[in-house]
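Welcome! Please open your viewer, get your selection tool ready, and follow the stops below one by one.

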Amino acid sequence: MLALEVTSGPDRGRRFPLPPHEPQLIGRSSEAVPMTDRSVSRRHAELTPDGDRWTLRDLNSSNGTDINGTLLTGPTAVRTGDVIRCGQSVFRVIDVDEAMAGPARDMLGLRAPAPTLDLPPTPASAEAVLKMIGDIAALGPVDSACEADFLNALQRGLSAEVAVVPAEAADTESTLTRSLHRPEPAWVSITFDPPIECWQRSAVDFAMWLLHTMAEANRVHERDRLAAMGETIAIISHAVKNILQGLQGGAGAIELAIDRGDLDLAREGWPILARNLDRIHDLTFNMLAWSRTSHLTPKPGSLARLVAEVVALQKSTFESRRIAIESTCPPMADVPFDPAAMYQVVLNLVLNALEAAPPRRGHVRIETSVDQQRDEAVIAITDDGPGIPPRQQASIFEPFASTRGQRGTGLGLAVSRRIVAAHGGRLLLRCDPGRETRFEIRLPMRAAPGDPGDTDIPLTSPPDPTEFEP
């Protein structure tokens, strides 16, 4: 699947997927590729799919659209690697996997480089200026509430009179005037004993740059938060829509069977209903598990008994799909874990292995063991499916990233990883392309000493080159 990556402009670092069969509008009024760049028209350009190809055309925008440096005069085919410019924003066409979820975050692009900070010659004044910079940096999110603190920091650090003025005034021999971050026009005036020294001008410029940079970071954070929220809603809505379509199909088949008095037809419709009811359960459970803070109650227990419960519950499902499942659990000491939470983790991984295994001939193995070197208990779930492509491995544990298409919610592995981490353990992936996939749940053999609310510093252990932990 193709995507647009913004490489230059106010939205730099964001990615917009290009889903097949859906035209994508680029512009400030677009829901598909929304831009904040004021040089981009509200309806600037449109990307139209044609099979596996995409065509780009300009929508009579004010500043035009060009591709690879050539101004568009008509519909033009778009390929991977092409560079598209709309106004001051530049996109690069990239090839991504279907597991891409959400805009890619990048470091904040500063609109202006930091000015040079010249310190005053006396130690006391230099200390006051540095403390002023530290106080401004500690203000946090820039809003109207922190404006008074910013002005007080300026006044203390520069030993000057500071006031907010409604209209811009030119600098004088004793007063510096700088624009203040506000929705409405406002300026701040800083009055010194004349004449103004170079270090005073430098300190004012650096303080104002720092305030404006923090305000820009706050805007970017809020914009990304809203974008992530909107994308989450869209993904969940899409999953619910697919489930409802399955429920309607199954209900329609059963309704027809009732009208005809055909029990065989009803038996055909019921599995469709049952399968989609299971999908609703999985989606709801994983959403709740992802959104809430887990309160675990670990107690010593048998991993072999835990695995046996999961296998017993899923045995009929595996038999109906003609996929073999076997478990190997040699005797080992009890391990501290929360039974309900860890049961959900193992179940998630077993169901993923079921989906990945080849139909009617697949094989899933569950093994428990002890890693003496790391003092960890290991539950390994392995399937003989095609493996996970390298491009998808880096995002496999991200929320709403799924390799199962419409069959997955994209939350199972993210929830599982969070639960394992809450136990002080790790969830690892070992996978070679085209070969079997192996997930490992690694739990500490004994509970950590001290208060469970303390933050532990992880112990350093020798790296294992075969482990992959995104």
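At what angle do the axes of helix α1 and helix α2 cross? Select residues 123-137 for α1 and residues 147-158 for α2: their axes cross at roughly 170° and come within 8 Å. The two helices are therefore roughly antiparallel to each other. Now show the side chains where they meet. On the α1 side, pick A128, V129, M132, D135 and I136; across from them in α2 you will find F150, A153, L154, R156, G157 and L158. Colour this contact by class and you get eight nonpolar residues, one polar residue and two charged ones.

Before going further, a word on confidence. What you have open is a predicted model, and its protein chain has an average pLDDT of 79, with 78% of the residues scoring at least 70. Select residues 97-110 and be careful there: the pLDDT is below 50, although this stretch has 38 contacts in the model beyond near neighbours in sequence. Residues 451-470 call for the same care, with a pLDDT below 50. That stretch has 28 contacts beyond near neighbours in sequence.

Next, click on S159, in the loop between α2 and β12 (161-165). What is the phi of S159? The angle is positive, about 50°, although S159 is not a glycine. Most residues other than glycine have a negative phi.

Your next stop is another loop, between β14 (187-191) and α3, where you can select P195. Is the peptide bond from P194 to P195 cis or trans? This bond is cis, with omega near -5°. For comparison, most peptide bonds are trans.

Carry on into helix α3, residues 198-260, and highlight F206 and W209. The structure holds one aromatic pair. The ring centres of F206 and W209 are 5.6 Å apart and their planes are at 45°, so the pair is tilted. Because they are three residues apart in α3, about one helical turn separates F206 from W209.

Now bring up helix α5, residues 303-320, together with α6. The axes of α5 and α6 come within 10 Å and cross at roughly 40°, and α5 passes α6 in a right-handed crossing. From α5, show L306, E309, V310, L313, Q314, T317 and F318. Their partners in α6 are P339, M342, Y343, V346, L347, V350, L351 and L354. By class, this contact of α5 with α6 has twelve nonpolar residues, two polar and one charged.

For the last stop, keep α6 (residues 339-356) on screen and add helix α8, residues 412-422. Which way does α6 pass α8, left-handed or right-handed? The crossing is left-handed, and the axes come within 9 Å at an angle of roughly 145°. Here α6 brings A341, V345, N348, L349 and N352, while α8 brings G412, L413, S416, I419 and V420. Sorted by class, the contact of α6 with α8 has six nonpolar and four polar residues, and no charged ones.

Note on methods: Residues are numbered from 1 along each chain as its sequence is written. This is a predicted model: local features need pLDDT of at least 70, side-chain atom pairs count only at pLDDT 80 or more; totals for chains, interfaces and linings use all residues. Side-chain values use heavy atoms; hydrogens and water are left out. Axes are lines fitted to C-alpha atoms, for helices over the stretch in contact, and angles run from 0 to 180 degrees between N-to-C directions. Helices (H or I, at least four residues) and strands (E, at least two) are DSSP runs, numbered from the N terminus. Angles under 35 degrees count as roughly parallel, over 145 as roughly antiparallel, 65 to 115 as roughly perpendicular and the rest as oblique. Contact means heavy atoms within 4.5 Å. Ala, Val, Leu, Ile, Met, Phe, Trp, Tyr, Cys and Pro count as nonpolar, Asp, Glu, Lys and Arg as charged, and the others, Gly among them, as polar. A crossing is left-handed if the near helix is turned anticlockwise from the far one by less than a right angle, and right-handed if clockwise. pLDDT is the predictor's confidence in each residue, from 0 to 100. Rings of Phe, Tyr and Trp (its six-membered ring) pair if their centres lie within 6.5 Å; planes under 30 degrees apart count as stacked, over 60 as edge-to-face and the rest as tilted.
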